[in-house]
Amino acid sequence: MRTNELYASPPVRKFLGPALRPGGERLTRLMLELAGPLQGALALDAGCGCGASLALLREHGARAVGLDLNASFLREAGDKGARVAQADLADLPLPDACLDLVLCECVWNLTDKERVLAEFRRVLRPGGTLALADIYARGCRSGDWPVRCCFAQATDLQTVMEQVAGAGFEIDVVEEHTELLKKTAADFVFRHGSLHGFWQAVTGDPVLAQRACDASRVSKPGLFMLIGHARKVT
Amino acid sequence: MSSLTFEPKDMNWVCEPCGEALELGRVELTYLGNSFHVELPVCAKCGAVYIYEELAMGRIFEVEQLLEDK
């Protein structure tokens, strides 16, 4: 079955498993270590997918809930016992200042980014933590991507930091983890013969596959991780 | 995750120093700190691995370029 959403496509789901993102559990664990003590913390996994990170949050002692738009993913997460609900991250069904941590992994680029950052700021208590990981563009521009994916709205890292700071966050850590993205892409090359072969498996169309390869060449996707805290209003 | 198997069209290969017929075996390919677990023709006696030209010039070359950021 072909889809216009990269993360839901069978070639990606089959290989990445429940994590649905490059870096998988390794990057999530690193982010949670940097996020600070999580025992008893009230945490949101924003764009929780099938619940892989919710399990890690619970492992760290957090009281974790997940939100996602994809009903099928939510069913999988719910079947594993996770507390999840369907919601748009640009309109969080949560009161102000109720959370200690928002975790958002390879989802932000799929959204109305500034609205979502504003919502994250709203629902975090002053001093609460934002743990954000996503694709950024190391090249000159984001490229013309033929599928809905985390590459399509990726910006350079300076713009990411300006947007996060502009939304009311102090940035504590920014790290580059592009090696994890390259490893994932290399695994896809081994599996599908080439990057073009991978994109053809996703889109079902060699012309769209070529467009994706061209977009990748132009944008040179990278993977960043950012930890910040909600600025206290004085 | 299961290994990928890369088998040349003709498996009738013999390791010249050992005289052993090559058989498919698990191999770890590493480059720039990355590991890939695949199955390739291997000499059971000396461990020599056969990477056929199509694999070297195709998948492996593209992986190298990708990891080198080219």
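This passage describes the sheet, the helices packed on it and the buried cores of a predicted model.

The central element is an open sheet of seven strands with mixed pairing. In chain A the strand order is β3-β2-β1-β4-β5-β7-β6. The edges are held by β3 (84-86) and β6 of chain A. Each of these has a single partner strand, so one side of each lacks a neighbour in the sheet. From one strand to the next, the twist averages 20°.

Two of the strand pairs were examined in detail. β1(A) runs parallel to strand β2 (residues 63-68) of chain A, and five bridges join them. Within this pairing, Ala64(A) in β2(A) stands opposite Ala43(A). Helix α3 (residues 52-59) of chain A packs on the sheet and touches β1, β2, β3 and β4 of chain A. The direction of α3 makes about 165° with that of β2(A). A second helix, α7(A), also packs on the sheet, where it touches β5, β6 and β7 of chain A. Its direction makes about 140° with that of β7(A).

The other pair is β4(A) with β5(A), which is parallel and spans six bridges. Here Cys104(A) has Leu132(A) in β5(A) as its bridge partner. β5(A) is mostly covered, with 11 of its 14 residues buried.

Helix α5 (residues 113-123) of chain A has both charged and nonpolar residues among its buried positions. The buried set comprises Lys113(A), Val116(A), Leu117(A), Glu119(A), Phe120(A), Arg121(A) and Val123(A). These residues pack against five strands and a helix of chain A: β1 (42-46), β4 (99-105), β5 (124-137), β6 (169-176), β7 (221-230) and α6 (157-166).

In soluble globular proteins, nonpolar side chains tend to be buried together. The largest nonpolar core here has 64 residues. Leu6(A), Leu57(A) and Trp199(A) have the most contacts inside it. Helix α7 (residues 178-192) of chain A gives the most to this core, contributing seven residues. Another core lies apart from it and has 29 residues, including Leu44(A), Ala87(A), Ala90(A) and Leu124(A). Beyond its neighbours within four places in sequence, Trp199(A) touches Leu6(A), Trp145(A), Val147(A) and Phe151(A). Its contacts also include Gly204(A), Ala209(A), Ala212(A) and Cys213(A).

Two packed helices are described by the angle between their axes and the distance between the axes. For α7(A) and helix α8 (residues 195-203) of chain A, the angle is about 80° and the axes are 7 Å apart. α7(A) is therefore roughly perpendicular to α8(A). From α7(A), the contact involves Ala185(A), Phe188(A), Val189(A) and His192(A). From α8(A), the residues are Leu195(A), Gly197(A), Phe198(A) and Ala201(A). Six residues of this contact are nonpolar, two are polar and none is charged.

Backbone geometry was also examined. Most residues other than glycine have a negative phi. Cys106(A) is not a glycine, yet its phi is positive, at about 50°. This residue lies in the loop between β4 and α5 of chain A. Cys106(A) counts as buried because its relative accessibility is 11%, and buried means under 20%. Lys220(A) also has a positive phi, near 45°. Its place is the loop between α9 (206-219) and β7 of chain A. With 32% relative accessibility, Lys220(A) counts as partly exposed.

Technical notes:
Residues are numbered from 1 along each chain as its sequence is written. Chains are lettered from A and ligands numbered from 1 in the order in which they are written. This is a predicted model: local features need pLDDT of at least 70, side-chain atom pairs count only at pLDDT 80 or more; totals for chains, interfaces and linings use all residues. Side-chain values use heavy atoms; hydrogens and water are left out. A nonpolar core is a set of buried Ala, Val, Leu, Ile, Met, Phe, Trp, Tyr and Cys residues joined through side-chain atoms within 4.5 Å. Buried means under 20% relative accessible area, exposed over 50%, partly exposed in between (1.4 Å probe, protein chains only). Helices (H or I, at least four residues) and strands (E, at least two) are DSSP runs, numbered from the N terminus. Contact means heavy atoms within 4.5 Å. Axes are lines fitted to C-alpha atoms, for helices over the stretch in contact, and angles run from 0 to 180 degrees between N-to-C directions. Angles under 35 degrees count as roughly parallel, over 145 as roughly antiparallel, 65 to 115 as roughly perpendicular and the rest as oblique. Two strands pair if DSSP finds at least two bridges between them.
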